[in-house]
Amino acid sequence: MKKTVSLIAGSLILLTVLPSSIFAYTYSDNGKPFPDMNFTYYSTLSANYSGPASAAMTDWSRAVGATYTASNSTSKEIHFSDNDYGATGWNATTDHHHVQFSSYDYLDEVRANRHYMGSMSAVDREGVFGHELGHVFGLGHTTDPWTLMCNSLNGRVVVTPQLDDIQGVESLY
Amino acid sequence: MKNQKNKIFGSIIAVVLLIGIVFIINDNRKASHVHSSANELRQNNQILVNDTTNEPSSHTNDIIRYHGDLANNYNTVTELTYDSEAIYKVEVINSKSFEYEGVVFTVSTANVVENYKGDVISSFVNILETGGNYNNTEYVFEDSSVLKSGDKAVVYLKKYEGPIPEAQGAFVISGVYQGKFNIDEASGDLLVPAAVEQQELTEVRSLIDLNLE
């Protein structure tokens, strides 16, 4: 009897801890920007950045089954670029532009800031691009350092999509 | 004696159960709030998509949001104060937005009303922010609009270093927007933090909260 009661009590205590770590993901203001996860992209990234960006795309492909197809046409969905913007306070940004496509109207620009990312390792750059690609899906920021959608210096300790990031994307697509 | 022990043990279990239920209810509320907010966003987005694909509206095409990975992130006033070179209360005189390598920035010239930290070389300060109004479109970094003429704010600043010609000699807000607290004169000079869900910073309402008075 005591064992059963202890088991129930233990399970309840566990339940009080677990829900707070579930659903850490949030959505950006744009909600679901794309109709599916089959993206076309155009990259003008320099050599030190194209590898980590490719690695980040592979990470998301493995995690949620997204596809990224290189394109030179003007109707690509994601444009990657890198420039030195100076000490603006951000490593990279993603912005959604309204561009008329056949079934939706977004083009996402992923811009890397060489001022900060220039001194990063390839793995850290992969993490930043992975984070930005999370924004492309429509994810917002989290404060959980064990998720990719946490900001770099908010203590993010991962560079690939984690369960919470994946759940966030899967709830949208 | 054994009965008494059982009673005490039973009471403890009952309290734990009660606390557990309360926590679960609270967490479910939080989770449903997040998801209902998400649904609202989705509905809003649906409206956006419909508007822009079927009936192009100048309103829906007016705002472009930047989402970024911050290089410096602050959770407390102490962190902000320690890392900022200057802390001023300012009143913005004018703002000018421009594009640099595909990103819209704004440089605002502001009158330094009060100096809380740092040297004041002149009574004016130039502040560079990411975002602004450019070609009839508003560019917003996360949810923070840039300063505009007439705005009063308490700003935590760092020197800008970089290639943007218009920003030479200017400062940037510490944490892009986290170190900006607009002063709402209509509500008795209450401070409005630009930071959202940033622990202590989001709760700032007055100069006392910033330890500046």
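This is a short talk about some salt bridges and two backbone angles in a predicted model.

Okay, hi everyone. Just keep in mind as I go that the model is predicted.

Let's start with charges. Side chains of opposite charge can pair when their charged atoms come close. So how many salt bridges does a search of the whole structure find over all chains? The search finds 9. I'll walk you through a few of them.

First up, chain A. Find Arg111(A) in strand β5, which covers residues 106-113. Now look for Asp95(A), which sits in strand β4, residues 90-98. The side chains of Arg111(A) and Asp95(A) form a salt bridge, at 2.7 Å from N to O. These two are 16 residues apart, and the pair links distant parts of the chain.

Arg111(A) has another partner too, Glu109(A). Here the closest N and O atoms are 3.7 Å apart. Put those together and you get a network of salt bridges linking Asp95(A), Glu109(A) and Arg111(A).

Are Arg111(A) and Asp95(A) buried or exposed? Both are buried. Arg111(A) has a relative accessibility of 6%, and buried means under 20%, so that's why Arg111(A) gets the label. Glu109(A) comes out at 12%, so Glu109(A) is buried as well.

Okay, over to chain B. Which residue does Asp83(B) meet in a salt bridge? The partner is Lys158(B), with a distance of 2.9 Å from N to O. Asp83(B) is in helix α2, residues 77-83, while Lys158(B) is in strand β7, residues 152-159, so this pair ties together parts that are 75 residues apart in sequence. As for burial, Asp83(B) is partly exposed, at 30% relative accessibility, whereas Lys158(B) is buried, with 18%.

Last bit: backbone angles, still in chain B. Take a look at Asn136(B). Its phi is near 60°, which is a positive value in a residue other than glycine. Where is Asn136(B) found? You'll see Asn136(B) in the loop between β5 (132-134) and β6 (137-141). Asn136(B) has 74% relative accessibility, so it counts as exposed.

Then there's Val176(B). Phi of Val176(B) is also positive, near 60°, and again the residue is something other than glycine. Val176(B) is in a loop too, the one between β8 (171-173) and β9 (180-184). But with a relative accessibility of 7%, Val176(B) counts as buried.

So if you're turning the model around later, try finding both of those loop residues: Asn136(B) is exposed, and Val176(B) is buried. That's me done, thanks!

Conventions
Residues are numbered from 1 along each chain as its sequence is written. Chains are lettered from A and ligands numbered from 1 in the order in which they are written. This is a predicted model: local features need pLDDT of at least 70, side-chain atom pairs count only at pLDDT 80 or more; totals for chains, interfaces and linings use all residues. Side-chain values use heavy atoms; hydrogens and water are left out. Helices (H or I, at least four residues) and strands (E, at least two) are DSSP runs, numbered from the N terminus. Buried means under 20% relative accessible area, exposed over 50%, partly exposed in between (1.4 Å probe, protein chains only). A salt bridge is a side-chain nitrogen of Lys or Arg within 4 Å of a carboxyl oxygen of Asp or Glu.
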